[in-house]
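Okay, thanks for coming, everyone. I'd like to walk you through a new structure today, so let me put it up on the screen.

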Amino acid sequence: MLSPQILRIQMFLPLLLIALAGYFFIQLALFKHLLRTRRGRRPSIRKRLFGWLLQFATGVGMGFGIILLALLVPLLAGQYRVAFLTMPGGSLGISQAAPSPSLSTTNALAILAVQSLAEEAYYRGVWMLGIVLLLGFLSRAVLGKQAFFTVPFQLILWGNAIVLSAALFAFQHAGNPNVSPLALTNIFLAGALFGLLLAATRSLALIWGLHFAWNSLLVLLGLPVSGYRIALHQHLINLTSRSNGITTGGAFGPEASLGLCVVLLLVIALVARMLPARTKDFLTQVKMPPAANPPAEADSPETSAEK
């Protein structure tokens, strides 16, 4: 017999699915608008700031959506115990690692914002782009400019940089508490997704927003982030795992769950599908920069005679 909690969740399932569908349609519209605004002439400083905020907000929406989708099935299956307005110091569930001293929500979000920006600047801004520049410099000297500025070569170049930086990203998490092979696989896939998004949009603000929202939502729900738990003074909603299997990720958190693996693979497939077209757009901009206004044409003899 189903528990009352599961019955209550199933009663609201249609509304939840409609809300999620609407949410993802809004995110898709924002993402398409972002891709359109990345083309054309260089915008003013005011428009750049607005564009960065839009990119960050799009990333935040994507991060929330990925985590919510990964948690949806375990929640409906009753794998999490849901509590409201909880305080630190209570009994810890299986999914939670040793808690850190509790923080206010504002301080926790500020720490997560700085931490996620530092990680993206290091792994994607330094390592990934550094690999692109190094391999691009060496290969251009060997293959020549004509072969360098082709879509297949650029896809190979960026693909190698994405894989290498994602592997380094996963390797740096190998020493985290309660890490598992599935956890490292998901972290590698997350790094690959961040790299693909950077290659497709050339926007560090977008992947910063995604990384920040990913970690923040886990903390706000009382779940571990890569094996570490950040306790808040108060959780509006606190999820506690009822099991230690791959459905919830156990003590490492949802980043070691099978559901997150499936969601990441689907999102990676969607982003990778649009990468060739985006690469072609960027190459077109490099080869043919926006031209100035053409000079006015001189009047032809026939036109002059008519005048």
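Let's start at the N terminus and read along the chain: the elements go α-α-α-β-α-α-α-α-α-β-α-α. In total that's 10 helices and 2 strands. Before I go on, please keep in mind that this is a predicted model.

A couple of overall numbers next. The protein has 307 residues, and 42% of them count as buried. And if you take the contacts with a separation of 6 or more, 81% of those are between residues 24 or more positions apart.

Now, helix packing. Two packed helices are described by the angle between their axes and the distance between the axes. So let's do that for two pairs, and α6 is in both of them.

Pair one is α4, residues 105-143, with α6, residues 151-171. Their axes come within 9 Å and cross at roughly 140 degrees. The crossing of α4 past α6 is right-handed. Which residues of α4 meet α6? On the α4 side you'll find, among them, Tyr123, Trp127, Met128, Ile131, Val132 and Leu135. Across from them, α6 brings residues including Phe153, Leu157, Trp158, Ile162, Leu164 and Phe169. Sorting the residues of this contact by character gives 16 nonpolar, 4 polar and 2 charged. Glu119 and Arg124, both in α4, are part of this contact too.

Pair two is α6 with α7. Here the angle is about 140 degrees and the axes are 8 Å apart. This crossing is right-handed as well. From α6 the contact uses Trp158, Ile162, Val163, Ala166, Ala167, Phe169 and Ala170. From α7 it uses, among others, Leu184, Ile187, Phe188, Phe194 and Leu196, and Gly191 and Gly195 are in there too. How many charged residues does this contact have? None: the split is 14 nonpolar, 2 polar and no charged.

If you want a residue to click on, try Trp158. It's one of the α6 residues that meet α4, it's in the contact with α7, and it also lines the largest cavity.

Which brings me to that cavity. Searching the whole structure turns up 1 cavity of 30 Å³ or more. The space inside is about 40 Å³. Around it sit Gln154, Leu155, Trp158, Ala199, Arg202, Leu275 and Thr279. Which helix gives the most to that lining? That's α6, with 3 residues. Both α6 and α9, which covers 258-287, supply at least two residues each. By character, the lining divides into 4 nonpolar, 2 polar and 1 charged.

One of those lining residues, Arg202, deserves a second look. Arg202 sits in the loop between α7 (181-201) and α8 (204-220). Its phi is positive, about 55 degrees, and it's not a glycine. Why point that out? Well, most residues other than glycine have a negative phi. Is Arg202 buried or exposed? In between, actually: its relative accessible area is 32%, so it counts as partly exposed.

There's another case like that, Ser226, in the loop between α8 and β2. Ser226 also has a positive phi of about 55 degrees without being a glycine. Ser226 has a relative accessibility of 8%, and the cut-off for buried is under 20%, so this one counts as buried.

Last stop: strand β2, residues 235-241. Two residues to look at here. His235 is in this strand, and with 2% relative accessibility it counts as buried. Where does His235 find its partners? Thr86 is 149 residues away in sequence, yet the C-alpha atoms are 5.3 Å apart. Leaving out residues up to four places away in sequence, His235 touches Phe84, Leu85, Thr86, Val219, Leu220, Leu221, Gly222, Arg229 and Ile230.

Then there's Ile237, also in β2. At 34% relative accessible area, Ile237 is partly exposed. Again leaving aside neighbours within four places, its contacts are Val82, Ala83, Phe84, Leu220, Leu221 and Gly222. For Gly222, which is 15 residues away along the chain, the C-alpha separation from Ile237 is 7.4 Å. Compare the two lists and you'll see Phe84, Leu220, Leu221 and Gly222 touching His235 and Ile237 alike.

That's my tour. Happy to rotate the model if anyone wants another look.

Terms used
Residues are numbered from 1 along each chain as its sequence is written. This is a predicted model: local features need pLDDT of at least 70, side-chain atom pairs count only at pLDDT 80 or more; totals for chains, interfaces and linings use all residues. Side-chain values use heavy atoms; hydrogens and water are left out. Axes are lines fitted to C-alpha atoms, for helices over the stretch in contact, and angles run from 0 to 180 degrees between N-to-C directions. Helices (H or I, at least four residues) and strands (E, at least two) are DSSP runs, numbered from the N terminus. A crossing is left-handed if the near helix is turned anticlockwise from the far one by less than a right angle, and right-handed if clockwise. Contact means heavy atoms within 4.5 Å. Ala, Val, Leu, Ile, Met, Phe, Trp, Tyr, Cys and Pro count as nonpolar, Asp, Glu, Lys and Arg as charged, and the others, Gly among them, as polar. On a 1 Å grid over the protein atoms alone, a cavity is a set of points where a 1.4 Å probe fits but cannot get out, and a pocket is an open set with protein on both sides within 12 Å along at least five of seven lines; lining residues have an atom within 4 Å of a point. Grid points are joined across faces, edges and corners, and a volume is the space filled by probe spheres set on the points. Buried means under 20% relative accessible area, exposed over 50%, partly exposed in between (1.4 Å probe, protein chains only).
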